[in-house]
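Please open the model in your viewer and keep the sequence panel visible beside it. The tour proceeds from the whole chain to single residues, with a selection to make at each stop.

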Amino acid sequence: MDDSREVIVKLTYLNKSFGPIKAVDNVTLDIKKGEFLSLLGPSGCGKTTLLRLMAGFEKPDSGEITIDNKEMANVEPNLRPTNMVFQNYAIFPHLSVEQNVAYGLKRLKLARVKKFELVNKMLSLVGLTQLN
């Protein structure tokens, strides 16, 4: 099969240890535009660490992370073209459901009405409009 889709995320020889524990061990991975990727494995195998590395919340011991052909080593988490949903039910427990859903839209600098429409659409999609 000829798959000429562009690689948008490239991990090259990525390593991360926490003391003697090697959480990510020499991972090399290409994610192409339009692909859907799932990380599967037992608790403690490095899935979350890998995501935290990509998002910039952890720094790799070695290796390279490239997103949209830009090396991410010196790019702060808030400036990376990534999003991460944590395992906790609320990203920010002090914010309302609507504010949590709208948080990621702040970066797009949308008009308030457009943001409200998108939040309501997403809450409706997952059946949570009653929490708005």
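Accessible areas are obtained by the Shrake-Rupley method with a 1.4 Å probe. Please bear in mind throughout that this is a predicted model.

**The whole chain**

Begin by selecting the entire chain and displaying its surface. The accessible surface amounts to about 9800 Å², and carbon and sulfur atoms contribute 56% of that area. The C-alpha atoms fill a box of roughly 45 × 40 × 30 Å along the principal axes. Of the 132 residues, 21% count as buried.

Next, colour the positive and negative side chains. There are 18 positive and 14 negative ones. The centres of these two sets lie 7 Å apart.

**The order of the elements**

Change to a cartoon display and follow the chain from the N terminus. Three helices and four strands are present, and they appear in the order β-β-α-β-β-α-α. Consider also the contacts in the chain with a separation of 6 or more: 49% of them join residues 24 or more positions apart.

**Helix H1**

Now select residues 47-55, which form helix H1. Which residues of this helix are buried? They are Thr49, Leu50, Leu53, Met54 and Ala55. A general rule is useful when viewing such a pattern: an α-helix has 3.6 residues a turn, so residues three or four places apart point the same way.

Add strand S1 (7-18), strand S2 (21-32) and strand S3 (62-67) to the selection. These three strands are among the parts of the chain that cover the buried residues of H1. Then move to the residue just after H1, glycine 56, where phi is positive at about 90°.

**The loop between S3 and S4**

Finally, select aspartate 68, in the loop between S3 and strand S4 (70-71). Aspartate 68 is not a glycine, yet its phi is positive, at about 50°. Is aspartate 68 buried, partly exposed or exposed? Its relative accessibility is 47%, so aspartate 68 counts as partly exposed.

Asparagine 69 belongs to the loop between S3 and S4 as well. This residue, although not a glycine, has a positive phi of about 65°. Exposed means over 50% relative accessible area; asparagine 69, with a value of 63%, is therefore exposed.

To conclude the tour, display aspartate 68 and asparagine 69 together, and locate the loop between S3 and S4 that holds them.

Notes
Residues are numbered from 1 along each chain as its sequence is written. This is a predicted model: local features need pLDDT of at least 70, side-chain atom pairs count only at pLDDT 80 or more; totals for chains, interfaces and linings use all residues. Side-chain values use heavy atoms; hydrogens and water are left out. Buried means under 20% relative accessible area, exposed over 50%, partly exposed in between (1.4 Å probe, protein chains only). Helices (H or I, at least four residues) and strands (E, at least two) are DSSP runs, numbered from the N terminus. Contact means heavy atoms within 4.5 Å. Lys and Arg count as positive and Asp and Glu as negative; His and the chain ends are not counted. The place of a charge is taken as NZ of Lys, CZ of Arg, CG of Asp or CD of Glu.
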